[in-house]
Amino acid sequence: MNRYILAIESSCDDTSAAVLRDDFMVYSNITASQKVHEKYGGVVPELASRAHQQNIVPVVDIALKEAKITKQQLSAIAFTRGPGLLGSLLVGVSFAKSIATGLNIPIIDVNHLQAHVLAHFVKENIEQEVPEFPYLCLLVSGGNTQIIQVNSDAEMIVLGKTIDDAAGETIDKVAKILSLPYPGGPHIDRLAKDGKPVLEFAKSHIKDYDYSFSGLKTSILYTLRDKLKENPNYIEENINNIACSAQKSVVEALLYKFEKSVKDTKIKTIALAGGVSANSLLREKFSQLGNKYNCKVFIPKFSYTTDNAAMVACCGMFKFLRGDFADMSLVAYAR
Ligand code: KG4
């Protein structure tokens, strides 16, 4: 008999619920995004947790209905325990504990970043190919930039990470300077398509596989400040070229270190994960890099790039199959 788990994701500003079968087939993946933060230019933690409280019941309800699964058919509840915004996480953790208590089934805690890395195992059809272990994952989100060697669903080694800002943060900062709405990534991506990479920005020289984006951020800021001194309309007149140049610099920085890790480890399967993996230039260049080194390349579907409960369900399912359940006394963690 098949077993199903319900997963809940509430680490930032998306309330999401998904139902997954024990062969990793996804039955539903419902997300309510919060528009309330747009006018503030970033996520406001207090507003995020309140919105999660409003959204969680209807989102779970729709996820179960769409999956055509009753609560009584569930074998466990998986949820994001952290990292993320504490107030937001608390909503998901409390909800998961209470529904599991009511149904007398176990809970499974999931690390949000591990969920991004394992998103490639979510199946929409049973034949779908999934990565073989070990694989190298480039995880790029709003708050994290990491190169991870994934030896198994339970063993992941962080080879490199950013020592300051994340790639997504850098792109969002550029978008803010250009007065684009939050989150800026999709707008930069769109504008860059009609631009040319005419501007050169500083490159970082950090050792090993680590990243640093603060120098690039400052370089973009100073370049634009100087251009505006010469021409106060510089941004309006050159917005496509600025977006294109900044995007190119971020993507090149990301892939420079990742290529180094592919060359050194000789691992032949590579995967992209996290919100910034929606970026069209990054997707294109990542595939090219894979071809260059004869690697099998996994690029997530757009629906699995940003925060979603299907990836949480997937990570939860690996733990469920190992019998790795959490204690009801467990608490959320922000970092
Ligand atoms: O993983 P994610 O959904 O959230 C957290 O980090 O919590 O990633 C969000 C990030 C934001 O910085 C957003 O601007 C960026 O992903 N992003 C993009 C694109 N779509 C989303 N960045 C570049 N190009 C995109 N198309």
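Two strands pair if DSSP finds at least two bridges between them. Strands here are DSSP runs of E with at least two residues, helices are runs of H or I with at least four, and both are numbered from the N terminus. What you have open is a predicted model, where local features need pLDDT of at least 70, side-chain atom pairs count only at pLDDT 80 or more, and totals for chains, interfaces and linings use all residues. Residues are numbered from 1 along each chain as its sequence is written, and side-chain values use heavy atoms, with hydrogens and water left out.

**Stop one: the strands**

Select β4, residues 74–82. Eight of its nine residues are buried (under 20% relative accessible area with a 1.4 Å probe, protein chains only), so β4 is largely enclosed by the rest of the structure.

Now add β1, residues 4–9. β1 and β4 run parallel, paired over five bridges. To see one spot in that pairing, click A7, which stands opposite A78 in β4.

Which residue of β5 does A78 stand opposite? Show β5, residues 107–111, and you'll find I108 there. β4 and β5 also pair in the parallel sense, over five bridges. Another pair to click is T80 with its bridge partner V110 in β5. To get from β4 to β5, the chain goes through helix α2 (residues 86–103), a β-α-β crossover that is right-handed; that is, with the strands pointing away from the viewer, the path from the first strand over the helix to the second runs clockwise. As for cover, four of the five residues of β5 are buried.

**Stop two: helix α5**

Jump to residues 185–192, which make up α5. Highlight I188, D189, L191 and A192: these are buried. What do the buried residues of α5 pack against? Colour α4 (167–177), α7 (234–265) and α8 (280–292) to see their partners, with contact meaning heavy atoms within 4.5 Å.

**Stop three: a cavity**

Keep I188 selected and add T170, I171, V174, A246, Q247 and V250: together they line the largest cavity. A cavity is a set of points on a 1 Å grid over the protein atoms alone where a 1.4 Å probe fits but cannot get out, and lining residues have an atom within 4 Å of a point. About 30 Å³ of space lies inside, counted as the space filled by probe spheres set on the points. Helices α4 and α7 each supply at least two of the lining residues.

Methods: Buried means under 20% relative accessible area, exposed over 50%, partly exposed in between (1.4 Å probe, protein chains only). On a 1 Å grid over the protein atoms alone, a cavity is a set of points where a 1.4 Å probe fits but cannot get out, and a pocket is an open set with protein on both sides within 12 Å along at least five of seven lines; lining residues have an atom within 4 Å of a point.
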